[in-house]
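Welcome, and please open your viewer. We will go from stop to stop, and at each one you will hear what to select and what to look for.

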Amino acid sequence: MASKLNKTKDKRNIALVRLHETHTIALKAKIDSNVVSYENFCDNHNQFIGLIPDDGNAFEEQDTMSVTIILILLVILVFLFKYHWSRRHLYKLAYRLPGPPALPLVGNGLKFLCRHEDILDEINKISADYPKPLRFWLGSILVVYFSCPQHLQKILSSSKLAHKHDVYDLVKIYLGDGLVSNSGEKYKKHRRLIQPLINVKFTSENIKMFQKHIDVYLNKLSKHCGKKTFDVHDLTHHCFADIFGESILGIQMNAQEGKNMDYTHATMEMYTVGYARLMRPWLHIDAIYNRTKGKLEQDRITSITYKFIKNTILKARERVQANASDTNDTSSIIDQIADIIRRDPSVMNDEDFIYHMYTLYCASEDTMTIITSMLCVCFGMYPEYQQRAANEIQAVISKQNTPITFEDLTKMPYLDMCVRDVLRLIPIAPFIVRKLSEDFNIDNITLPKNCGIVVSIFEVHRNPEHWENPNHFHPDHFLPEAVRRRHPFAYVPFSAGPRSCVGKILAFAGLKLTMANVLRRYEIEADGKFPDIVLRSDITVRSSNGYKIRIKERNCI
Ligand code: HEM
């Protein structure tokens with residue numbers, strides 16, 4: 001073995017000496033013909049001589065290193081080849097679809113590293129330049145973007161496309177395996193359990209309880225009566241904290257009396273802190289995020305909300321244990337679920353119970369606050385519609401202090417149209433993001449497994465093809481004949497299909513009830529028109545410049 005190695009070394013040294021001689025002759029020839037100077041010759045020659053080893057060891061080390069480098073390069077190449085080969089369907093699809101030019105590694109991601117206020121505009125700008133569906137790359141993630149009602153119908157109605165995208169893993173930090181962020185078998189089982197609880201009966205029975213908290217809200221508003229412009233957001237937020245504290249969590253939150261503020265604030269902060277991370281891909285890496293201030297904020301928020309809900313569950317369990325036979329289908333959602341678990345503990349574990357309750361609370365309180373506050377602003381900006389709605393309310397309930405019932409609400413079709421149009425202008429979930437768990441065919445395009453899908457509710461709600469006055473508050477969009485002419489999936493404020501909002505009946509009744517109460521007591525004023533409002537998106541859509549209104553007593557009702 002050793003002699004074989006020596007022979008190889010000898011052969012190589014002989015070869016190098018020969019090469020040396022050839023090199024010397026060649027360079028001498030160049031000096032003779034003045035192509036290189038003598039000094040250059042010496043440098044060049046010495047460099048060359050330096051390459052010849054005293055013995056074979058240096059060569060051996062160099063060889064081992066070269067082989068290692070070649071091997072590493074080969075492994076990387078094989079890995080890259082396998083990675084890209086497994087994604088060949090995505091590349092093929094991306095090649096077929098229109099979309100903005102993408103940079104290596106970041107794709108079109110840089111376009112979305114903008115301010116909250118600009119994100120909706122950025123997406124709309126990209127979308128306006130290409131036919132649909134269009135594609136863009138978020139780093140290595142391919143996303144196909146849909147915004148026409150026919151596509152929305154096919155996507156939202158399909159149970160094959162009901163899987164939330166991996167980006168929801170960041171939402172899971174706050175909402176765990178609650179309905180908004182989870183997918184799969186456990187999700188389906190829990191949805192089947194929770195959805196039927198928030199039904200018409202539950203809604204109509206809870207309307208009385210809503211009224212109690214709305215009365216406090218009206219009194220809080222009275223402090224601003226006849227005074228200067230104020231932002232109605234916080235008062236509205238505290239009112240819905242009380243309403244959903246009682247109907248969902250079974251507790252008296254008393255947020256309108258300034259109680260439980262750390263919890264209500266933490267719930268709001270979750271959107272800002274969560275969104276800041278979501279939009280910065282490098283912060284998705286735990287090792288980086290764990291060293292930031294955001295992580296401290298995230299821990300503080302999750303600790304407050306988790307402890308709070310855990311306590312409400314303990315209380316609900318005690319109530320249910322004490323009055324097992326009293327829990328019925330109009331009891332708070334927490335009591336109903338606690339009772340189901342009491343009878344069959346295998347339906348969900350403690351952790352899932354906590355996250356379901358927190359998810360339901362978050363999904364209801366923030367959405368209702370934004371839409372109600374925006375309804376106040378829109379009525380203030382468009383006094384003619386406000387007057388019409390107020391007249392209708394007066395016709396249904398003539399006495400000022402009579403509580404409004406669920407049945408009364410069904411007799412207010414114009415208020416209904418107003419609420420619907422604000423839900424159009426402010427789609428709470430502007431973009432729904434899903435991930436394909438299997439290939440899916442749409443319009444002769446095969447979307448491959450693992451491809452991301454974005455459904456733009458925001459865009460379909462503003463498309464002039466479906467809306468005669470898309471950027472203004474315009475309740476006539478919902479006149480029966482206009483509704484008949486429109487594709488049903490041109491309007492999906494609660495999404496649709498297997499992942500639609502579980503609280504839509506409660507939400508719609510709650511919005512109408514709150515506004516009927518506000519409008520029968522107050523006249524609202526607000527400056528400007530809807531296009532003056534700057535919208536921003538931090539998971540949900542909201543106004544960037546607040547919800548500023550003035551109010552005065554309405555004398556006629
Ligand atoms: C103005 C009020 C509301 C609006 C506009 C609204 C809208 C929506 C939308 C668009 C989705 C689909 C989100 C997605 O797929 O990413 C959704 C889901 C959901 N909403 Fe609502 N919502 C409202 C109120 C409520 C209320 C009051 C509750 C609870 C009582 C609620 C509970 C939920 C839950 C649990 C989900 C997740 C459903 C699932 O994925 O299975 N929402 N909502």
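## Stop 1: a helical stretch

Select residues 64-83: the chain here is 100% helix and 0% strand, and the C-alpha atoms at the two ends are 28 Å apart. The unreviewed UniProt entry annotates residues 64-83 as "transmembrane region". Keep in mind on the whole tour that this is a predicted model.

## Stop 2: a cis peptide bond

Now move to K132 and P133 and show the backbone atoms. The peptide bond from K132 to P133 is cis, and its omega is near -5 degrees. Where does P133 lie? Look in the loop between α5 (119-128) and β1.

## Stop 3: a sheet of four strands

Follow the chain into β1, and then show the sheet that β1 belongs to. This open sheet has four strands, ordered β1-β2-β7-β4, and its pairing is mixed. At the edges you will find β1 (134-138) and β4 (431-435), each of which pairs on one side only. From one strand to the next, the twist averages 25 degrees.

A short reminder may help here: strands of a sheet pair through backbone hydrogen bonds, either parallel or antiparallel.

Zoom in on β1 and β2 (residues 141-146), which pair in the antiparallel sense over five bridges. Select F136, and opposite this residue you will see V143 in β2.

Next, select residues 149-157 to pick out helix α6, which lies across β2 and β7 (452-456). Helix α6 runs at about 125 degrees to β7.

## Stop 4: a loop with a positive phi

Select N444. This residue sits in the loop between β5 (440-442) and β6 (445-447). Although N444 is not a glycine, its phi is positive, at about 65 degrees.

## Stop 5: a sheet of three strands

Let us go to another sheet. Here three strands form an open sheet with antiparallel pairing, in the order β3-β11-β8. Why do β3 (230-231) and β8 (522-525) each have one side without a neighbour in the sheet? Both stand at the edges with a single partner strand, so one side of each is left free of a neighbour.

Select β8 together with β11 (residues 548-553): four bridges join these antiparallel strands. For one pair of residues, click on I524, whose bridge partner in β11 is I551. Then add helix α15 (residues 350-381), which packs on the sheet and touches β8 and β11. The direction of α15 makes about 80 degrees with that of β8.

## Stop 6: two helices that pack together

Keep α15 on screen and add helix α10 (residues 233-247). These two helices pack at an angle of about 145 degrees, and their axes are 9 Å apart. The crossing of α10 and α15 is right-handed. To see the contact, select residues from both sides: among them are H233, F240 and F244 of α10, and Y361, M368 and T372 of α15. How many residues of each class make the contact of α10 with α15? There are five nonpolar, seven polar and one charged.

## Stop 7: around the ligand

Select the ligand and display its surroundings. In all, 24 residues surround the ligand, and the closest are A363, S364, C501, G503 and A507. The elements that give two or more residues to this shell are α15 and α21 (504-521). The largest share, seven residues, comes from α15. Try colouring the shell by class: 17 residues are nonpolar, five are polar and two are charged.

## Stop 8: a hairpin

For the last stop, select β9 (residues 535-538) and β10 (residues 540-543). These strands run antiparallel and are joined by four bridges. Opposite S537 you will find V541 in β10. Together β9 and β10 form a hairpin with one residue between them. Finish by clicking on I539 in the turn, where phi is positive, at about 80 degrees.

Key:
Residues numbered from 1 in each chain as written. Predicted model: local features only at pLDDT ≥ 70, side-chain atom pairs only at ≥ 80, totals over all residues. Pairing = 2+ DSSP bridges. Contact = placed C-beta atoms within 7 Å. Axes fitted to C-alpha atoms, helices over the stretch in contact; angles between N-to-C directions. Left-handed = near helix turned anticlockwise from the far one by under 90°. Nonpolar A, V, L, I, M, F, W, Y, C, P; charged D, E, K, R; others polar. Near = placed C-beta within 6 Å. UniProt positions renumbered as here; feature names shortened; annotations may be inferred.
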